[in-house]
Amino acid sequence: MHEVLAQLAAVVDVLLHKKGMADHRVTLVVPTPSGLAMTPYHHALIAPHSLYAPVSFDDMSTRTQRPNSPVPWSEEGHVSCFERAVYCKFYAFPQGVVDTARTLLRGMLPLLPTNPLGFGAAGSGQPAPQPLPPLVEDTTFRVAIEARSGATRSFKNLHAIIDECAEMNKRGFRAGRFTSIACRVLHTGDTPDLHGLARFYANLGAVRSAHLLVAVHGAGASNSAFMEEGGHAGVLEIRPCRFGTEFCHWPNAYMYAQLQRTDFSIRFFALNLADPNQCAPPDYEAEHLANPDTVPLRGPDDHRARDQHVMPNPKQLLEYMRRVGTMLSDQAAYDEANRADKLHAYALPDGLVYGSLCVEDEAKLQTMEKQPILRLQKK
């Protein structure tokens, strides 16, 4: 769920429900830029608040319909103006995304598939042989890993991570009450078979079926706002090299801050990559490095750090996931790690360091106690 759309949904929730400025007969108009069409996310996030379909400014003012032909966003015929209107412009979250998700879920739950990733079955996406037990009771640690694609912030070794997860399970996985682990890939992009609102609902159903959502820092991690609350589900945010240390004030202002407002009813964990071998420049920077004389360097240093592709050492990542599983299934283990300020992890070339959310001095990490993990082989 993109942060801007989350803010839009929050504004509607606050103004219509919390403050009662309008009722369900209101028409919601979204000012999409340059005449762009509305996305399925707009409809999923704000349509539940009104009897009428949301509409963009561009669609509202179009003259393609006959003068009195009905439109889905009004009980009248075609109109292009209103007797009363409220224009809202905002610069910050009016409420947390988890609070907004709670409102939306009341109407969305019947529409969400219960197990779209096929947990409990032999393979990803296969139908499970029987209904899954509740998250709080299941002894299989269910992990959804977001497969982000594109020119920035994608996993470049997703198959190796899934293979290591399967191997760890074969070797005998133990983490608190969990006696096995199942990792599934969450594809959030449209396909010919699953697209639009169906894809959106499948994504939300997927994160609600998992104990842990693993995602690169960005809009994908916002899906964790829809996870089951109560402390037995969480998000593990992968932060590219330097982004979670040198620029950590930036990522800390997003899902960490949002979940902190709810006293971490959905737990937050961060894996900060501090090993250059586990990161690669975004495509636009790689193009510049390959052709510095013809391709200009785009973006400031903090943007380039944020946009890096990631290649987490599978053994390091799975070891930290095992630790996270222990903390999700054992309140005492979570409290102990929290008191010791060792909830989060830093991936170094020669091991993992557990520490606070933001250790701004990477040199300091080298002096902290490490848990040795097989280092990556240099290419």
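This passage walks through the domains, the nonpolar cores and two individual residues of a predicted model.

In this predicted model, local features need pLDDT of at least 70 and side-chain atom pairs count only at pLDDT 80 or more, while totals for chains, interfaces and linings use all residues. Residues are numbered from 1 along each chain as its sequence is written, and side-chain values use heavy atoms, with hydrogens and water left out.

The domain assignment gives domain 1 (1–95) and domain 2 (137–367), such bounds coming from an automatic or database assignment. Taken over C-alpha atoms, the centres of domain 1 and domain 2 are 34 Å apart.

The largest nonpolar core (a set of buried Ala, Val, Leu, Ile, Met, Phe, Trp, Tyr and Cys residues joined through side-chain atoms within 4.5 Å) has 86 residues. Buried here means under 20% relative accessible area, exposed means over 50%, and partly exposed lies in between (1.4 Å probe, protein chains only). Phe-226, Leu-236, Leu-271 and Met-321 touch the most other members of this core. Helix 10 (residues 314–329) supplies its largest share, seven residues; helices (H or I, at least four residues) and strands (E, at least two) are DSSP runs numbered from the N terminus. Because both domain 1 and domain 2 give residues to this core, it lies between them. Another core, of six residues, lies apart from it and includes Ala-274 and Leu-348.

Turning to single residues, Leu-111 sits in the loop between helix 4 (97–108) and strand 3 (140–146) and is partly exposed, at 49% relative accessibility. Glu-285, in helix 8 (residues 283–290), is buried, with a relative accessible area of 16%. Beyond its neighbours within four places in sequence, Glu-285 is in contact (heavy atoms within 4.5 Å) with Leu-297 and Arg-304.
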